[in-house]
Each structure stands twice: as C-alpha cells, then as structure tokens.
Amino acid sequence: MTSSPRVPWRVHAVLPRSVANGPGTRYVIWSQGCALGCSGCFNPETHAQSDGGGASVRTAGDVAADVLADAAHLDGVTLTGGEPLEQPAAIAAFCAEVKARGGLGVIVLTGFTRREIETDPARAAAVADADLVVAGRYNERLRVARGLRGSSNKEYWMRTDRYGPDDLAAVPELEITITAGTVTVTGMAAPGRSL
Ligand code: SF4
C-alpha cells in the first residue's frame, strides 16, 4: 500500500513530551474517532467521527513534521485514541515518515485485536512500521492501568525487539505536566484513560 503524507488525520490532542506513555521521552498523539464501544471507556470525548469538540484535522505529513522537528530529544512516538486504526491510511503514512526520517520508536495502542489487524490489509499496513502494538478491547472488569495496558486482556504484540517487557514495566503510571498554566495529567492510571 502506498501512503501519502498528505492524507488527512483527525487528531484529538497531542502531548509533545511525555514519559508515561511508553519507554523514554515520547510524543503522544490521540486520534479522534472510535466506534468500538468498549463498556466503561473513559474517553467518550474521543468517540465522535467529526472534528468537533476541540479536535482538528491535520495531515499525516504535518504531524510528522512537528515530531521530526524535535526528534533529537525523543525516543519515540505513541499513537492512541480514540481509535488510531480507524484512520489507517493516516497512521501508515505518519509511521513511515517518522521511522524513515527520524528513526523513532513507534508504539500503537489500539482497541482492535491482533487478529482484526492482521486480517485487514489497511490496518495491517498501518502497523507495518510499529515496534509494538498493544491490541484488544478495553475490559473494565480486567482493569490494570499499567504497563501501557488499560486492562489485562490486551495483548503485547512485539513487532521488533526495540521494546521488551522490562521497558514496559518501568513506564510510570502517572505524569503531571504544567505548561503555560495548563495542567496535563496522563499515563495509564490517569483519570480518563482506558486505551
Ligand atoms: S477504550 Fe479505546 S477502543 Fe474502547 S471504546 Fe474507548 S477509545 Fe474506543
């Protein structure tokens, strides 16, 4: 599948520096839109397929350019949501760009299962450049909120050897960032985090 950096991408929010969304310092991008409907989801504001509610429509290339401008200070990127793989062309184009030009590690947090990804050509292409995919629906009865998993049923799909179990176990569960008067609370144990 050929991917274009001009492909549109509905983005709910970004966090340019985070240490609680994967190993090392990472650029985090929340996609806008999710139709998977996990019971107990903490992120209903990310479900709408429109760009309302503060989300914006970017292009994969624009977002990649922002990330690459700071690549020297980053270990990688983490894509979460909403559901990143409901916009597979954007994810494929973005990941190809940051891998090829920045050598950054790529982690994708998704509600789709590994089988649902592997059997869908567009989703499979979207994670082709990912080092790690954390896959599967959030299950509120199995909530763990650590190691990049909202619930214990979610599968670690290690696509390269860049990240291992020890790296994931060491990720802080919570992070509070204060920038220009704005307080951001993130990490798997943050209020409002299930993916
Ligand atoms: S937990 Fe994730 S995959 Fe499930 S409904 Fe919420 S945003 Fe969608």
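In the predicted model, the charged end of Arg159 is placed over the ring of Trp157, at 4.9 Å from the ring centre. A second arrangement of this kind involves Arg123, whose charged end sits over the ring of Phe112, 4.0 Å from its centre. Pairs formed between aromatic rings themselves come to two.

Pairing between charged side chains was examined next. Side chains of opposite charge can pair when their charged atoms come close. The count of salt bridges comes to seven, among them the pair of Asp66 and Arg58, in which the closest N and O atoms are 2.8 Å apart. Both partners are partly exposed, Asp66 with a relative accessible area of 35% and Arg58 with one of 23%.

Helix H3, which spans residues 114-118, contains both members of another salt bridge, Glu118 and Arg114, and these two residues are four places apart, about one turn of the helix. An α-helix has 3.6 residues a turn, so residues three or four places apart point the same way. The closest N and O atoms of Glu118 and Arg114 are separated by 3.2 Å. Glu118 counts as partly exposed because its relative accessibility, 45%, falls between the limits of 20% and 50%, and Arg114, at 30%, is likewise partly exposed.

Helix H3 also takes part in a salt bridge to another region, since the side chains of Arg137 and Glu116 meet at an N to O distance of 2.8 Å. This pair links distant parts of the chain, with Arg137 in the loop between strand E6 (132-135) and strand E7 (143-146) and Glu116 in helix H3, 21 residues apart. Arg137 is partly exposed at 28% relative accessibility, and Glu116 is partly exposed at 25%. In addition, Arg114, Glu118 and Glu155 are joined into one network by salt bridges that share partners.

The geometry of helix H2 (residues 88-102) was compared with its expected span. At 1.5 Å a residue, the 15 residues of this helix should span 21 Å, and the 20 Å between its end C-alpha atoms agrees with that value; the expected span is 21 Å because the rise is multiplied by one less than the number of residues. The helix is followed by Gly103, which has a positive phi near 65°. The buried residues of H2 are Pro88, Ala90, Ile91, Ala92, Ala93, Phe94, Cys95 and Val98. These buried residues pack against strand E1 (8-18), strand E2 (26-31), helix H1 (60-69), strand E4 (76-80), strand E5 (105-110) and helix H4 (121-126).

The nonpolar interior was then considered. The largest nonpolar core has 34 residues, and those with the most contacts inside it are Trp9, Ile29, Val67, Phe94 and Val98. Two or more residues are given to this core by each of E1, E2, H1, E4, H2, E5 and E6, and the largest share, six residues, comes from H2. When residues up to four places away in sequence are left out, Val98 touches Ala64, Val67, Leu68, Val77, Gly103, Leu104 and Val106. A second core, separate from the largest one, has eight residues, including Ile107, Tyr163, Leu168 and Met188.

Several features of the backbone complete the description. A cis peptide bond, with omega about 15°, joins Gly81 and Gly82, and Gly82 lies in the loop between E4 and H2. Positive phi values also occur at residues that are not glycine. One of these is Ala145, with a phi of about 55°, which lies in strand E7 and counts as buried because its relative accessibility of 7% is under the 20% limit. Another is Leu148, whose phi is about 65°; Leu148 lies in the loop between E7 and strand E8 (149-151) and, at 1% relative accessibility, is buried.

Methods: Residues numbered from 1 in each chain as written. Predicted model: local features only at pLDDT ≥ 70, side-chain atom pairs only at ≥ 80, totals over all residues. Heavy atoms only, no water. Salt bridge = Lys/Arg side-chain N within 4 Å of Asp/Glu carboxyl O. Buried < 20%, exposed > 50% of the residue type's maximum accessible area, 1.4 Å probe, protein only. Phe/Tyr/Trp six-rings, centres within 6.5 Å; stacked < 30°, edge-to-face > 60°. Lys NZ or Arg CZ within 6 Å of the ring centre and 35° of its normal. Contact = heavy atoms within 4.5 Å. Core = buried A, V, L, I, M, F, W, Y, C linked by side-chain atoms within 4.5 Å.
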